[in-house]
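Student: Before we discuss any single feature, could you show me the model and take me through how its features are read?

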Amino acid sequence: MDFNMKKLASDAGIFFTRAVQFTEEKFGQAEKTELDAHFENLLARADSTKNWTEKILRQTEVLLQPNPSARVEEFLYEKLDRKVPSRVTNGELLAQYMAEAASELGPTAPYGKTLIKVAEAEKRLGAAERDFIHTASINFLTPLRNFLEGDWKTISKERRLLQNRRLDLDACKARLKKAKAAEAKATAEQELRVAQTEFDRQAEVTRLLLEGISSTHVNHLRCLHEFVESQTTYYAQCYRHLLDLQKQLGRFPGTFVGTTEPASLPLSSTSPTTTAATMPLGPSGAGLVPRGEAALCLEEVAPPASGTRKARVLYDYEAADSSELALLADELITVYSLPGMDPDWLIGERGNKKGKVPVTYLELLS
């Protein structure tokens, strides 16, 4: 009991001495040991890394889960060390509603058939979103969170300890200056040497931890590459699913696939799938012309008197055979459709050259 009381009194004395030193420094009444410029730069770099890591982490969480209530629920489950319950994505929920609507409204009717096809696509989009969220959480969010909850807490702890060592050192310097008697000076000098040793040791430990921020940057860079890869995979899957859906909808009898009215077409678009959905496709029927057969008579076919359009090429396209027209991004060509053509293709003209071009590579202008 006596030992504990003595230790408590000693700790209280140290705390009081540090508080006095800190207060006098704030009022300019005491000198403060300054850290070297390199150390200060390391501190600033570490603080900046911590602050931006927090912001990137929080905003990525918002990107992956826009619902704030769901984020709070997931946070509580993590803190309670419990498994987060599985949650359907918005796409999967939409797919469920569409499938139920088709069942009730008539799955054999054109609208019901289309609902079923779109529901299947939305389900695949929802599954792709679920995979993306899972991958991004493991490969990107978890390393960022581990840094904030692990390495950064260690750095913060050692920095606070360094601050205390620095206050002890400066308090010893102040006592040495105030000492008058030889015995008091000798005691103060001894205390200063001990304080200086402890401060130097703690400064070295903190410096090593701060220099480790470079390794943190390397690790976060790798995680960032993995996040971009998972995001690229996700959007590529979404594009493929929607492109497949668009093709399926174009083959349904009685399904809307476009319009031949120029006034209803958008003036500009950046989405190849949107362009494909709104291009004048011409009548669809039983005898679609196979892709290779158009080469037999393309040069002999005159463009229609009306229905030609100007289009801007979105991406470079290399012709697969002589029936197709090679394209360069941003060039302007004239396009039109022919009766019985595959709706995924149009006839393109550039000067005296003519050939089939894929609809998804074009943006209709007028």
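Tutor: Helices here are DSSP runs of H or I with at least four residues, numbered from the N terminus. By that reading, Ser103 is found in helix α4, which covers residues 90-105. Please keep in mind throughout that this is a predicted model.

Student: Which elements does the protein have, and in what order do they run from the N terminus?

Tutor: The secondary structure comes to 8 helices and 5 strands, and from the N terminus on the elements run α-α-α-α-α-α-α-α-β-β-β-β-β. Buried residues make up 33% of the 366 residues in the protein, and among contacts between residues at least 6 apart in sequence, 69% join residues at least 24 apart.

Student: Returning to Ser103, is this residue buried or exposed?

Tutor: The label exposed needs a relative accessible area over 50%. Ser103 has 56%, and is therefore exposed. As for its surroundings, Ser103 and Leu115 are 12 residues apart in sequence and 9.3 Å apart in space, C-alpha to C-alpha.

Student: How should I read the length of a helix, and what span does α5 reach from its first C-alpha to its last?

Tutor: One sets the end-to-end distance against the span expected at 1.5 Å a residue, and for α5, which has 69 residues, the distance is 96 Å, close to the expected 102 Å. The helix nevertheless has a kink of about 40 degrees, centred on Ser137.

Student: A record annotation might be read against the coordinates in a similar way; what does UniProt say about residues 169-198?

Tutor: The unreviewed UniProt entry annotates residues 169-198 as "coiled-coil region". In the model that span is 90% helix and 0% strand, while its end C-alpha atoms lie 9 Å apart.

Student: Let us turn to the interior. Which residues have the most contacts inside the largest nonpolar core?

Tutor: As a general idea, in soluble globular proteins nonpolar side chains tend to be buried together. Here the largest nonpolar core has 30 residues, and those with the most contacts inside it are Phe39, Phe132, Phe140 and Leu210. The elements giving two or more residues to this core are α2 (37-64), α5 (110-178), α6 (182-211) and α7 (213-250), with α5 giving the most, at 14 residues. Leaving aside neighbours within four places in sequence, Phe39 is in contact with Leu162, Ala203, Thr206, Arg207 and Leu210. There is also a second, separate core of 16 residues, which includes Ile333, Leu338, Met341 and Val357.

Student: What does Thr60 contact, once its neighbours within four places in sequence are left aside?

Tutor: Thr60 lies in helix α2 and is buried, with a relative accessible area of 8%. With those neighbours left aside, Thr60 is in contact with Phe140, Leu141 and Phe227.

Student: How is an aromatic pair read, and how many aromatic pairs does a search of the whole structure find?

Tutor: A pair of aromatic rings is described by the distance of the centres and the angle of the planes. The search finds 7 aromatic pairs. One of them, formed by Phe132 and Phe227, is tilted, at 6.2 Å centre to centre and 35 degrees between the planes. Because Phe132 lies in helix α5 and Phe227 in helix α7, this pair ties together parts that are 95 residues apart in sequence. Phe132 is buried, with a relative accessible area of 6%, and Phe227 is likewise buried, at 10%. Phe132 and Tyr234 form a stacked pair, at 4.9 Å centre to centre and 5 degrees between the planes. Since Tyr234 also lies in α7, the pair with Phe132 of α5 ties together parts 102 residues apart in sequence. Phe132, Phe140, Phe227, Tyr234 and Tyr235 form one aromatic cluster.

Student: Finally, where is Asp330 placed, and what is its phi?

Tutor: Asp330 is in the loop between β1 and β2, and its phi is near 80 degrees, a positive value in a residue other than glycine. Asp330 is exposed, with a relative accessible area of 54%, whereas Glu331, found in the loop between β1 (309-313) and β2 (332-336), is buried, at 16%. Not counting residues up to four places away in sequence, Glu331 touches Ala311, Arg312, Val313, Ala326 and Arg350.

Note on methods: Residues are numbered from 1 along each chain as its sequence is written. This is a predicted model: local features need pLDDT of at least 70, side-chain atom pairs count only at pLDDT 80 or more; totals for chains, interfaces and linings use all residues. Side-chain values use heavy atoms; hydrogens and water are left out. A nonpolar core is a set of buried Ala, Val, Leu, Ile, Met, Phe, Trp, Tyr and Cys residues joined through side-chain atoms within 4.5 Å. Buried means under 20% relative accessible area, exposed over 50%, partly exposed in between (1.4 Å probe, protein chains only). Contact means heavy atoms within 4.5 Å. UniProt positions are given in the numbering used here, feature names are shortened, and annotations may be inferred rather than shown by experiment. The expected span of a helix is 1.5 Å times one less than its number of residues. The bend at a residue is the angle between axes fitted to the seven residues ending there and the seven starting there. Rings of Phe, Tyr and Trp (its six-membered ring) pair if their centres lie within 6.5 Å; planes under 30 degrees apart count as stacked, over 60 as edge-to-face and the rest as tilted.
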